[in-house]
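I open this notebook to keep track of what I look up, beginning with the surroundings of the ligand and then turning to a single residue.

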Amino acid sequence: MAKVRIYQLAKELGMTNEELLEILDNMGVEYKSHASTLEDETAAAVKELIGEQRLAEEAKKAEEARKAIPHRAPVVVIMGHVDHGKTSLLDYLRKSRIAEKEAGGITQHVGAFEVKVASSSGTAGTVVFIDTPGHEAFTSIRERGAKVADIAVIVIAADDGVMPQTREAIAHAKAAGAKLIFAANKIDLPQANLDKVYQDLMREGIVPVAYGGDAEVLPISAKTGQGVQDLLETILITAELEDLRADPNAEAVGVVIESRVDKQAGVLASLLVQQGTLRVGDYVVAGEHWGKIRAMTDSEGARRNQTGPSTAVQVLGFSELPSAGTTFEWVPDQVAAKEITEERRLEREASAAAPEVNRPRNIADLLRQMQGSEQKEINLILRTDTQGSLEAIQQILAREQNEEVRINLLLAAVGAPSESDVLLASTANGAIFSFGVAPAGSVKKMAEQKGVPLQSFRIIYELIDEVRKMVRGQREPVYKEEVLGQAEVRAVFKLSSGVVAGCMVTSGKITRGADIRVLRKKQEVWKGKIHALKRFKDDVREVAQGFECGITLEGFTDFQEGDVLEASQQVEVVQD
Ligand SMILES: Nc1nc2c(ncn2[C@@H]2O[C@H](COP(=O)(O)OP(=O)(O)OP(=O)(O)O)[C@@H](O)[C@H]2O)c(=O)[nH]1
């Protein structure tokens, strides 16, 4: 590297000579003038220093810009096992909100509602609850790529403890990147046992605050309202730590949480605004559908002209039903709305016509996809017949992971794989392994449709072996040869450009990319690739049986009349 003079380096770094000289002074570098040359190491050190300073400045600016954006209310979803009290909790929250307002007004189901929390300890704010409990609805929203909830409240009945769907709910919430808060419900019942809830959670690897961990577990009663205020305050504190912010001045972006057709009003869509402000008269696109917002109603049934981040409204104005879970975004006008949705429709049609390449279909595909990406984590759902086998397999799996590849058990539970497991695996790009339990036909079908690898095992060793292969990434795809067709050499033309075999395709077809075997009296005399495949003067991609064509090969010219060219291709054998 040629030595660099100070003024040259200053120019390169986009600074004045004086600025650079000051830095050199601070570094204790000696020089005569700005024309002095610098040692290579000194120049490199200066560049590094400036680079670091600039990065730090940028980070500071980005942080300042972020801090300038106002806080937004957390969006919370309520999940848990059947009958543990999800709906009761939502009802209580909804009622308490109305009571507070003393309006007793009509509530409107808009997909989410707000609860204002006033507190003695100074924690005050608003919490937005998604109106539909349960993780299936939640995950099917998320499956379309939208993140809806910041926090998941996992309701566990204190007279029952952690149950299968509690585990599922935890898995779904974790996979969605939501913060978890636990509500030990039905604490009013004499048989309620908070300690059992704690212990059950410990068994799931979740350590409650009461046991020295960091999992918030709040005893509540959705019936009497006991503890609900504490739960709300804990939600706010958790949200504060998350530092949730959204810019009300940005272009409106959010998620469709529900949509339906009303006989009179037409298409009604519930939108959760996540950023920006949505106004009546705005144009929005959601997937392949667009709408002009004609009217907005909030959860209190009030008409709104505009609504900001972390609010849900029901809107009128879509001409077709946008699917729940689709993100929506503001667009400037109808022209943009139409063009964007039309483009999306065409793209989908094109990708539906093309072979599916993006979705993994079996474990080998998943692995290959993993190798290509940064992901060094295998997302796995494990389903077994008994608690004993579950624990045994979990222990072995923990040993199988290594520094490079981690096995992330999205869910490990007793019972057959369910449709909700398929949804979870599909969103998390994971696989489902079951041991000793067979998935229902509908579940298998769904896995196939969604491209989720689903494998059942009856021998532990085989399951472990499969996981090992996944971890080592050693499962090489297996190929087999598939003969496409044959062509017979009828004439040989020696041209200046090469030797062309004039052929007649006698069976199947010959394709441009095929592997070719030259057979002479049934003996293979050469094997390789096609150089050119022509019909008359035109290059073609394939020639079918009964047609003539000209073939030149890559590195073979010694054709004889009567030779047979056999075309084949390698196809991957799907391993289950
Ligand atoms: N004693 C008591 N009963 C409760 C409490 N919360 C819910 N229940 C009762 O438990 C039963 C189930 O409550 P739901 O709110 O329907 O439970 P869920 O989790 O929404 O149930 P699914 O929607 O079926 O999944 C109902 O009979 C409720 O009245 C509570 O805090 N205390």
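Entry one, the shell around the ligand. I looked up which residues surround the ligand in this predicted model, and I found 15 of them, with K86, T87, S88, D188 and A222 coming nearest. When I sorted the shell by class, I counted seven polar residues, five charged residues and three nonpolar ones. I also asked which element gives the largest share of the shell, and I noted that helix α4, which spans residues 86–101, supplies three residues.

Entry two, polar atoms beside the ligand. For S88, I noted a polar side-chain atom 2.6 Å from an oxygen atom of the ligand, and for K186 I wrote down a distance of 2.9 Å between an N or O atom of its side chain and a ligand oxygen atom. With K223 the backbone takes part instead, since I found one of its polar backbone atoms 3.3 Å from an oxygen atom of the ligand. I then looked up how much of the ligand is covered, and I recorded that the protein buries 68% of the 650 Å² that the ligand exposes when taken alone.

Entry three, T311. I located T311 in strand β16, which covers residues 311–318. Is T311 buried or exposed? I entered T311 as buried, because its relative accessible area is 10%, and the limit for calling a residue buried is under 20%. Setting aside neighbours within four places in sequence, I listed E114, L271, L272 and V273 as the residues in contact with T311.

Conventions. Residues numbered from 1 in each chain as written. Predicted model: local features only at pLDDT ≥ 70, side-chain atom pairs only at ≥ 80, totals over all residues. Heavy atoms only, no water. Near = heavy atom within 4 Å. Polar contact = N/O pair within 3.5 Å; in protein donor to acceptor, adjacent residues only side chain to side chain. Areas by Shrake-Rupley, 256 points an atom, 1.4 Å probe, with all protein chains shown as cover. Helix = DSSP H or I, 4+ residues; strand = E, 2+ residues; numbered from the N terminus. Nonpolar A, V, L, I, M, F, W, Y, C, P; charged D, E, K, R; others polar. Buried < 20%, exposed > 50% of the residue type's maximum accessible area, 1.4 Å probe, protein only. Contact = heavy atoms within 4.5 Å.
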